[in-house]
Amino acid sequence: MARLRLTVMSACCGVALLPSAVMAQQAEADPKSDIIVTTGRSNTGTKTDTDIMQLPQSVSVITTEEFTDRASVNFQDVFRYSAGVSTETQGVDTRGDFFAARGFATVQYLDGVNRMPSFVYGGRLDIFTLERAEVLRGPSSVLYGAGGAGGLFNGVSKRPQETFGGEADVIVGTDSMKQFNLDVTGPITDGISARFVGVARDAELQQPGQRNDRLLAMPAVTFKPGPDTEITLIGLYQKDRLGSQTYLPISKTIGADNDSEKISSDTFLGEPGFNHTDTDYKAGTVLLTQRFGPNVTFSSSTRYFDTDVDYAEVYGLASYYDAERTQVARAWYKRLEHDKGIGTDNRLLVKVNTGPIEHQLLVGIDYTRFKQSSDEGWAYDLPPFDIYDPVYGQEIDASLFYFTRTTNTQLGVYFQDQMRAWDRVSLVLGGRHDRATSKLNGEKLPTNSAWTFRAGLVADLTDTISPYVSYSESFLPVFGRNVEGVNFVPRTGRQYEAGVKWQPFRGALLTASVFDITEKNGVTSDPDNIQNQIQTGKVGSKGIELEGTLRMPGDVQVSAAYTYLDAKVLEDTTGREGFQVANLPKHAASIWASKNFALTQDIGARIGGGVRYTGEKVDSFENFTTPSYTLVDAMFEVTYGKWSLGLNASNIFDVQTYTLCNYDPSATEGYCYLGKDRTVMATLRRSF
């Protein structure tokens, strides 16, 4: 295993130091959407159409082809091959997508608008609705408001196109998966085009018998009443009927003394008739662009969403009723939740020149309002449960007794001056003021406000090499209270970053970066209470990232990433100063290669494979170390005309992984979060 670890890391670093073609690989992305990947331009880092070589920040794009090739199922799976990103930080938990960037939990955006202003059970983003996904690393509050110190993940919705096209997919796979996807787009009449995306899935979760069903419809229409006006309306209805995952004891899994004590990773400590995650999610989005001549553009993005959640689970506790540790204690938790919110971002871009300096002046205002109503109940007194001979059917009186009603708002005003001098040097300066309010059960909580700033400089030393330096800050309100009734306070952070971008020829790009981040009041899972979250005092994170893609003769593409991360608790009230931050590997690396070739004159094929290495992790108090693991993914696809048949697999050797284990010394026990087991999907696709 050590040799394999070194091999993977060496391969990743070696590939990353070669000329890369990350933008060429993304050439199939929509050229009219926010990131124009065919020309190596992006608006994610600055909200302006900018050459990536002129951005003093680390930005990556993952296309729909890439995450389909890699057998991604959920949004967190999309970023498995991205530098600086930790995915599945709570395993295959059905409550949501859990990931981190540069050592910090991140915020999830969709089309540039905060998708979940606070934690919401279920309603996860379906990746078939996306044109691509983006990683913006480091603090991003100046432009995006609610953003943690590590960065944010943004999905870009599929939008109507002016030419007819689409696809219909039939998918069968592991976990009893049967899924049908439909995506069709095209013009309706002059100036109006439409698109419909649909998903119907009947499947199970990793634990057999736990549902993983989804029904989704996403209609969209784009109006272009004139050459300078574009309006896109996107609707979404998503109905999920899922089970819920459970957590397995350390002493019965990777901490077992011998094989006879180990239990199967399929062991279910919940109740099949009780555990469920049922969600109905509805959303409407309006995207507007209005140009007032070549130098003035107004853009607006607004989304309203409404979701109903019925969640319940029985789960194991870190205690037993007998000395032999066969009769585990269990608890139950139930939650009925209703959420609704609106988010809007409105910005004006003005381009002016002052002598040799070109300015792109951006001013904007955004607003978020989020209301959550939750009714909860729980108990820790269920009868003993034989972990080696499970017998289900426990009757549970799931009465609800804890009620919360919250209303949260955030209003931000921001400005940015993006300067380009002598066509060699780019300077970005920006600032923002936020004001956040919150009410809990009718009680007005303290108002939080803050200024955040950013500055970045990138210079073209040659036509192909551009080093950069930057400073940025973050401000992220944390609404609500913990289970003890203590108000959360905002997360604040700052980052220093330096890097270099190498683009030796058109379509090639390599990014190497180093960073130093400090964040106060970060939120982590409570190691003593699965249902609770706690705030740490101060966390520092330093690291190195390498990321690149190489296109070689013969239509071969190789992408690679490597991350070194040193994240430590700097200040803490529980005596954890100097400890490593839980659930984050110091080393992570990945490499993926694919090749297109012709089998006959009419039949084409594509083959690909990748290796992902995740280093060992410690728990909150460094009592237990979760072992490292290496996973292998692969794909093969055959095409004939507009038909294709593909086989995509992740974790093809079915390595049993645990993404995090928390250990309770007082109970001499703890629980592990299961990682995803082998996923295999066969897809028959008809393109239009």
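Me: What puts Arg606 and Asp69 in the buried class?

Reply: This is a predicted model, and in it both Arg606 and Asp69 are classed as buried. That label is kept for residues under 20% relative accessible area, so each of the two falls below that cut-off.

Me: What makes the contact between Arg606 and Asp69 a salt bridge?

Reply: Their closest N and O atoms are 2.5 Å apart. The rule asks for a Lys or Arg side-chain nitrogen within 4 Å of an Asp or Glu carboxyl oxygen, so an Arg and an Asp at 2.5 Å pass. Arg606 sits in strand E34 (residues 603-614) and Asp69 in helix H3 (residues 64-69), so this pair, 537 residues apart, ties together distant parts of the chain.

Me: Why do Asp93 and Arg95 count as a salt bridge too?

Reply: Same test. The N to O distance is 2.6 Å, and the limit is 4 Å, so the pair qualifies. Asp93 and Arg95 are both buried as well.

Me: And how do you know that Arg347 and Asp345 belong on the list?

Reply: Their closest N and O atoms are 3.1 Å apart, and that is still within 4 Å, so they are in. Both Arg347 and Asp345 are buried. Partner sharing also builds a network: Glu65, Asp69, Glu167, Asp169, Arg606, Glu637 and Arg685 are joined into one by their salt bridges. By this rule the count comes to 46 salt bridges.

Me: What makes the set around Leu248 and Tyr315 a nonpolar core?

Reply: Core members have to be buried nonpolar residues, Cys included, linked through side-chain atoms within 4.5 Å. The largest such set has 26 residues, and the members touching the most others are Leu248, Leu269, Tyr315, Tyr658 and Cys661. Two or more residues each come from strands E18 (296-320), E19 (327-354), E39 (658-664) and E40 (669-674). E18 is the top contributor, with five. A second core of 16 residues is separate, and its members include Leu55, Val107, Tyr144 and Leu362.

Me: Why is Arg435 called partly exposed rather than exposed?

Reply: Its relative accessible area is 44%. Exposed starts over 50% and buried ends under 20%, so 44% lands in between. Arg435 is in strand E23 and belongs to a positive surface patch with Lys340, Arg369, Lys371, Lys439 and Lys444. Patch members need over 30% relative accessible area, so Arg435 at 44% clears that bar. Strands E20 (357-379) and E23 (425-440) each give the patch at least two residues.

Me: What makes Val170 fit for a surface patch?

Reply: Val170 has 45% relative accessibility, so it counts as partly exposed and is over the 30% needed for a patch. Val170 lies in strand E11 (residues 165-173). With Phe180, Tyr640, Trp643, Leu645 and Leu684, Val170 makes a nonpolar surface patch of about 610 Å².

Me: Why single out the phi of Lys47?

Reply: Most residues other than glycine have a negative phi, so a positive one catches the eye. The phi of Lys47 is near 60 degrees. Lys47 is in the loop between strands E1 (41-42) and E2 (50-51). Its relative accessible area is 10%, under the 20% limit, so Lys47 is buried.

Me: What puts Ser176 in the partly exposed class?

Reply: Its 38% relative accessible area is between 20% and 50%, so partly exposed is the right label. Ser176 is not a glycine either, yet has a positive phi of about 55 degrees. Ser176 lies in the loop between E11 and strand E12 (177-189).

Me: Why is Gln57 called buried though it lies in a loop?

Reply: The label goes by area: Gln57 is at 6%, under 20%, so Gln57 counts as buried. The loop in question runs between E2 and strand E3 (59-63). The C-alpha of Gln57 is 8.9 Å from that of Ser513, 456 residues away along the chain.

Me: Last one: why is Asn487 partly exposed?

Reply: At 30% relative accessibility, Asn487 is above the buried range and below the exposed one, so partly exposed it is. Asn487 lies in the loop between strands E26 (465-476) and E27 (491-502). Its C-alpha is 9.1 Å from that of Pro446, with the two residues 41 apart in sequence.

Definitions and conventions: Residues are numbered from 1 along each chain as its sequence is written. This is a predicted model: local features need pLDDT of at least 70, side-chain atom pairs count only at pLDDT 80 or more; totals for chains, interfaces and linings use all residues. Side-chain values use heavy atoms; hydrogens and water are left out. Patches are made of residues with over 30% relative accessible area and no salt bridge: like charges are joined within 9 Å, nonpolar side chains (Val, Leu, Ile, Met, Phe, Trp, Tyr) within 5 Å. Accessible areas come from the Shrake-Rupley method with a 1.4 Å probe; for residues, only the protein chains shown count as cover. Lys and Arg count as positive and Asp and Glu as negative; His and the chain ends are not counted. The place of a charge is taken as NZ of Lys, CZ of Arg, CG of Asp or CD of Glu. Helices (H or I, at least four residues) and strands (E, at least two) are DSSP runs, numbered from the N terminus. Buried means under 20% relative accessible area, exposed over 50%, partly exposed in between (1.4 Å probe, protein chains only).
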